[in-house]
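Work through the exercises below with the sequence and the structure in view. Try each task before reading its solution.

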Amino acid sequence: MVFSSLEFIFVFLPVFFIFYAMASKTWKNVIIVLGSFAFYTYGSWKTPEYIAFFVFSILLNYAVGRCLGKGKVRDGILMFLALLFNVGPLIWFKLNADAVILPVGISFFTFQNLSYVLDVKKRNIKREESLLNYATYICMFPQLIAGPIITYRQMKMQLQERCVSAGNIKDGISMFVLGLGAKVLIANRVGNLWIQIQGIGYDSISTPLAWMGIIAFSLQIYFDFYGYSLMAMGLGNMMGFRFPQNFAHPYRSVTMTEFYRKWHMTLGNWFRDYIYIPLGGNRKGKIRTIIHLFLVWLLTGLWHGINWNFVVWGLGICILIILEKFVYKKFLEKHRLLGHLYVICIIPMMWLVFAVTKWEDFVIYLQRLFPVNENINGVFEGDYIKYFSLYGIFIIMGLLLCTEMPGKIWRRCKDSFWGKIILLIIFGASVYCMYMGLNDPFLYFRF
């Protein structure tokens, strides 16, 4: 079950929120856990062993947290077991991703479990005494399968005390509808161009269409994941929770460093807090800083998948960030127009590495983007005109919505009559597209 589906919107959500609204404060977490397990079970019913694995991961990490702090040797053994259980299965599933179906949300709930036991070990937080509260934190359905990655420190007080108000519900509904529109009306539409290009074959497209395709994928992956995160935040608001922001207009950046501080922010913060800073960050000289950045970006690539393209993607970003840090970052920040052009040119290349999993296909696509021989056989001349007529409006809309302007306009009109009309139009158009079957799974579900 995905957020952008009719059964989720018109069956699961109404039933869940009816019970949630009727429940007293002491029973609301019970409703969240039951509803979340129903949500997870619906998506994993063909692999019941994954449901058992998910339940066991909650119980194990809760038990480890309860037992930490009772001796250095014992803590060391417990942390070894926690790392082995959490990281081991994640690595195994990533290595066998082509042969088996990944457990839903494994990359996300694994990192949340790890952040909890690591914080308890370092005494950044007190251990959670209530299994119900811990289960609520891990399996809360809005952020269970694709984030945002939330640490227990951010949720501890909200699990015990939170306010469900009319204002929260109204804001939550607005966020959910806007996120739904980003996913269904933008990501799915431009994503369909990328799907068609894959169907045509990279060796049969013209250079203009190749550029249109990689721009379309760049917009698809942004609005797909941003839309999911916005829907998750909206659902959290309706339940009385405040989830951290996951995107902050990354395509408006002037450096790659800035871009990845604004893209999937909760994942970046996780690697910063639990890998980069514990290793020493930038406090131990240039060489150690470079090594730390290398490890962080290698792990970031592997988190997405243990394929050559994800590793190259991570290391490519690492090289650019290191060069920026020690060579030309200040220049780009001073000359912002050049910085924007730099990011606009680099980001599609990085997404190409991310999107194309076969090396031979990657080489072919590069040859289409930068043709050495102008006479390319097997290409339909003028193909880009046909596809621009079909998808150009969605690409232009996506490019405009990447800027801060729509957000500023929305903040001014969201409480007005016209704001409500805009939400109704977005919701109605999204439901129509879902009803017509014009929908695709979220890209980040595969990670």
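**Exercise 1. A nonpolar patch**

Which residues form a nonpolar patch on the surface, and about how much accessible area do they have together?

Solution. The model is a predicted one. Step 1: the residues of the nonpolar patch are F10, V11, V15, I18, F19 and M22. Step 2: together they have about 630 Å² of accessible area. Step 3: to place one of them, look at V11, which lies in helix α1 (residues 6-22).

**Exercise 2. A positive patch**

Find the residues that gather in a patch of positive charge on the surface, and name the helix that gives the most to the positive patch.

Solution. Step 1: the patch of positive charge is made up of R252, R336, K408, R411, R412 and K414. Step 2: the helix that gives the most to this patch is α18 (residues 405-413), with 3 residues. Step 3: another member, R336, is found in helix α15 (residues 336-355). Step 4: the relative accessibility of R336 is 41%, so R336 counts as partly exposed. A residue must have over 30% relative accessible area to be part of a patch, and the 41% of R336 fits that cut-off.

**Exercise 3. Salt bridges**

Count the salt bridges, then describe three of the pairs and say where their residues lie.

Solution. The idea behind the task is that side chains of opposite charge can pair when their charged atoms come close. The cut-off needed here is 4 Å between a side-chain nitrogen of Lys or Arg and a carboxyl oxygen of Asp or Glu.

Step 1: by this rule there are 10 salt bridges.

Step 2: one of the pairs is K170 with D415, whose side chains meet at 3.2 Å, N to O. This pair links distant parts of the chain, 245 residues apart: K170 is in helix α9 (residues 166-200), and D415 is in the loop between α18 and α19 (417-435). K170 has a relative accessible area of 44%, so K170 is partly exposed.

Step 3: the side chains of K183 and D224 also meet in a salt bridge, at 2.8 Å, N to O. Because K183 lies in helix α9 and D224 in helix α10 (residues 207-239), the pair ties together parts that are 41 residues apart in sequence. K183 is buried, with a relative accessible area of 0%. D224 is buried as well, at 1%.

Step 4: a further salt bridge joins E333 and K329, with the closest N and O atoms 4.0 Å apart. E333 and K329 are 4 residues apart in helix α14 (residues 308-334), so about one helical turn separates them. E333 has a relative accessible area of 37% and is therefore partly exposed.

Step 5: R66, R127 and E129 are joined into one network by salt bridges that share partners.

**Exercise 4. Positive phi**

What sign does phi have at R123 and at H264, and is each residue buried or exposed?

Solution. Step 1: recall that most residues other than glycine have a negative phi. Step 2: R123 is not a glycine, yet its phi is positive, about 60°. R123 is found in the loop between α5 (106-121) and α6 (131-139). With a relative accessible area of 66%, R123 is exposed.

Step 3: H264, also not a glycine, has a positive phi of about 45°. H264 lies in the loop between α11 (256-262) and α12 (265-279). Its relative accessible area is 2%, so H264 is buried.

**Exercise 5. Surroundings of three residues**

For I32, H292 and S44, name the contacts, leaving aside neighbours within four places in sequence.

Solution. Step 1: I32 is in helix α2, and at a relative accessible area of 0% I32 is buried. I32 is in contact with F16, Y20, T136, M140, R162, M239 and F241. I32 and F141 are 109 residues apart in sequence, while their C-alpha atoms are 7.8 Å apart in space.

Step 2: H292 is in helix α13 (residues 286-304) and counts as buried at 2% relative accessibility. The contacts of H292 are Y276, L279, G280 and G281. From H292 to G280 there are 12 residues in sequence and 7.7 Å in space, C-alpha to C-alpha.

Step 3: S44 has its place in helix α2 (residues 28-44). S44 is buried, with a relative accessible area of 2%, and touches I51 and V104.

Definitions and conventions:
Residues are numbered from 1 along each chain as its sequence is written. This is a predicted model: local features need pLDDT of at least 70, side-chain atom pairs count only at pLDDT 80 or more; totals for chains, interfaces and linings use all residues. Side-chain values use heavy atoms; hydrogens and water are left out. Patches are made of residues with over 30% relative accessible area and no salt bridge: like charges are joined within 9 Å, nonpolar side chains (Val, Leu, Ile, Met, Phe, Trp, Tyr) within 5 Å. Accessible areas come from the Shrake-Rupley method with a 1.4 Å probe; for residues, only the protein chains shown count as cover. Lys and Arg count as positive and Asp and Glu as negative; His and the chain ends are not counted. The place of a charge is taken as NZ of Lys, CZ of Arg, CG of Asp or CD of Glu. Helices (H or I, at least four residues) and strands (E, at least two) are DSSP runs, numbered from the N terminus. Buried means under 20% relative accessible area, exposed over 50%, partly exposed in between (1.4 Å probe, protein chains only). Contact means heavy atoms within 4.5 Å.
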